[in-house]
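Here is a walk through the packing and a few backbone details of this one. Keep the viewer open and follow along.

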Amino acid sequence: MRISALDGRRVAIWGWGAEARAAHRALRRRLPGLPLTLLCSTSEADDARSIDDSLLTVETKVDAARLSGFDVVVKSPGISPYRDDVDAAKAAGTRFIGGTALWFAENPDARTICVTGTKGKSTCTALIAHLLRAGGHRVALAGNIGMPLLDLLDIADPPDFWAIELSSFQTGDIAESGVRPEIAVVLNLFPEHLDWHGDEVRYVADKLSLVQKARPGTAVLNANDPVLALLEPEGSELRRFGSAPGWHVRDDRVLRDDVEVLALERLPAKGQHNGANLCAALTAIEALGLDASALAVHAASFRPLPHRLQWLGAREGIGFVNDSISTTPHASVAALGVYAGQRVAIILGGHDRGVDWGSFASHVVSAPPVAVVTQGANGPRIHALLRDALAKVPHCRLTAADGLEQAIALAVDSLGAEGGVVLLSPGAPSFDAYRNYAERGDVFARLAGFDDVVSRRIQGLGIA
């Protein structure tokens, strides 16, 4: 749907986060005379009413009857489309659309590289932008990574390429737009956001809509993911990473086929999983018709993103690592793998989405850290599971904390005079206590004594 098609229709914006604000700005630029209704929470209403827009009506009551009163609702990504009130409104003829779909409909000829996956999508997307820019290309870095696409709607000098991160809340928007992305990358699939999607089956289906429904020119899939390894999207060229032939990691080296291109130790973003992210980025760049091998060397100058295995510093022999972006148990396992062989005390827990922690428990039994500290809303559930799993692992200390400050103190105490690493890798979202993972990471940094190393804005957002 083009924005011009909204003219003369009853239109609402639902939500007042970054994406909704971008949608409001975009609609006002294109349709300055269109009356709009904003549906938002009571806590957001005062801020929304303070903006200079006499044609904006702010309402805080949302139900099926009210939603049914609009022709089109521009929905924020965080609002699930599987709610009963949404179903009822759809049945009454209301169309729900996201800002991502609006942007794609307005930019059908843009050269887009869309990246999704349970974990690693921000790093992979930023790597693609970094490498393309190092090759002299003008690139937009936008999407779920922190720059709403609609804030880049009317660009006088469009970029050569668009590197776009998409969450599972946004992937369906691409198919809705009717525009095929040039490249679509899917990194991996682990259970997450089950409260939004309803169950794991729907979560996977929503993720895969980027390649199964949007029909990209090229689908770039992880050969090591059990679901993606078997997937062959119709109507798309298929390229895989993670195995030979192609881009893959072997023996701590990044290879194209059997040719070493880069030692993994040169990549500032540490860990085998970030080696896989680089391989995905290089596969996507190669699919654009560019020499990925020539650009791969520039990965050495990539600046890791904040809150992703971010080294804060060390005090009295104890290092502190902020991995607040870790919102699944699989991410916590990957974080422990980066520090394998070192003395680690890991802090777990946050908002409880009902995700299974069994695989994490198996991992810590086979490769136990010095200590595990649980906290947060799902801390008791994780603690109970690990207490049974670690019953015969005497060298791993398991403790429970009432909040992050106590968790840090317990982790430091567990490491003792021998020192080691305190690793915040919660394996759960932050919504039980914080607005988002960035705020949680900032609090961790401050409590650990690193007031000067808090959230850093992701470098390179926008067009450069």
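Let's begin with the pair formed by helix α15 (residues 404-415) and helix α16 (residues 437-447): in this predicted model, their axes lie 10 Å apart and meet at an angle of about 50°. An angle of about 50° is over 35 degrees but under 65, so the two helices count as oblique. The crossing of α15 past α16 is right-handed. On the α15 side, the touching residues are Leu-404, Glu-405 and Ile-408, and they meet Arg-440, Val-443, Phe-444 and Leu-447 of α16. Sorted by class, that gives five nonpolar residues, two charged ones and no polar ones.

Now move to helix α12 (residues 329-338) and helix α13 (residues 358-366), where the axes are 8 Å apart and the angle is about 20°. Because angles under 35 degrees count this way, α12 is roughly parallel to α13. Here α12 passes α13 in a left-handed crossing. From α12, the contact draws on Pro-329, His-330, Ser-332, Val-333 and Leu-336, while α13 brings Ser-359, Phe-360, His-363 and Val-364. The class split for α12 with α13 is five nonpolar and four polar, with no charged residues.

What about the interior? The largest nonpolar core has 95 residues, and the members touching the most others are Ile-113, Ile-128, Val-185 and Leu-278. Helix α10 (residues 272-287) is the biggest giver to this core, supplying eight residues. Take a closer look at Leu-278: beyond its neighbours within four places in sequence, Leu-278 is in contact with Leu-127, Leu-131, Val-254, Leu-262, Leu-267 and Ala-299. There is also a second, separate core of 22 residues, and its members include Val-370, Ala-407, Ile-408 and Phe-444. You have met two of those names already, since Ile-408 and Phe-444 also take part in the contact of α15 with α16.

Next, find Val-211, which sits in helix α9 (residues 200-212). Is Val-211 buried or exposed? Its relative accessible area is 0%, and buried means under 20%, so Val-211 is buried. Setting aside residues up to four places away in sequence, Val-211 touches Ala-184, Val-186, Pro-216, Ala-219, Leu-221, Leu-231 and Pro-233. For a sense of distance, try Arg-308: that residue is 97 residues from Val-211 along the chain, and the two C-alpha atoms are separated by 27 Å.

Finally, some backbone details in the loops. Ala-244 and Pro-245 are joined by a cis peptide bond, with omega at about -5°. Pro-245 belongs to the loop between β11 (237-241) and β12 (247-250). Follow the chain on to the loop between β12 and β13 (253-256) and you come to Asp-251. Asp-251 isn't a glycine, yet its phi is positive, near 55°. With a relative accessibility of 63%, Asp-251 counts as exposed, because the cut-off for exposed is over 50%.

Which other residue has a positive phi although it is not a glycine? Glu-316 does, with a value of about 50°. Look for Glu-316 in the loop between β15 (310-315) and β16 (318-322). Glu-316 has a relative accessible area of 83%, so it is exposed as well.

Key: Residues numbered from 1 in each chain as written. Predicted model: local features only at pLDDT ≥ 70, side-chain atom pairs only at ≥ 80, totals over all residues. Heavy atoms only, no water. Core = buried A, V, L, I, M, F, W, Y, C linked by side-chain atoms within 4.5 Å. Buried < 20%, exposed > 50% of the residue type's maximum accessible area, 1.4 Å probe, protein only. Helix = DSSP H or I, 4+ residues; strand = E, 2+ residues; numbered from the N terminus. Contact = heavy atoms within 4.5 Å. Axes fitted to C-alpha atoms, helices over the stretch in contact; angles between N-to-C directions. Parallel < 35°, antiparallel > 145°, perpendicular 65-115°, else oblique. Left-handed = near helix turned anticlockwise from the far one by under 90°. Nonpolar A, V, L, I, M, F, W, Y, C, P; charged D, E, K, R; others polar.
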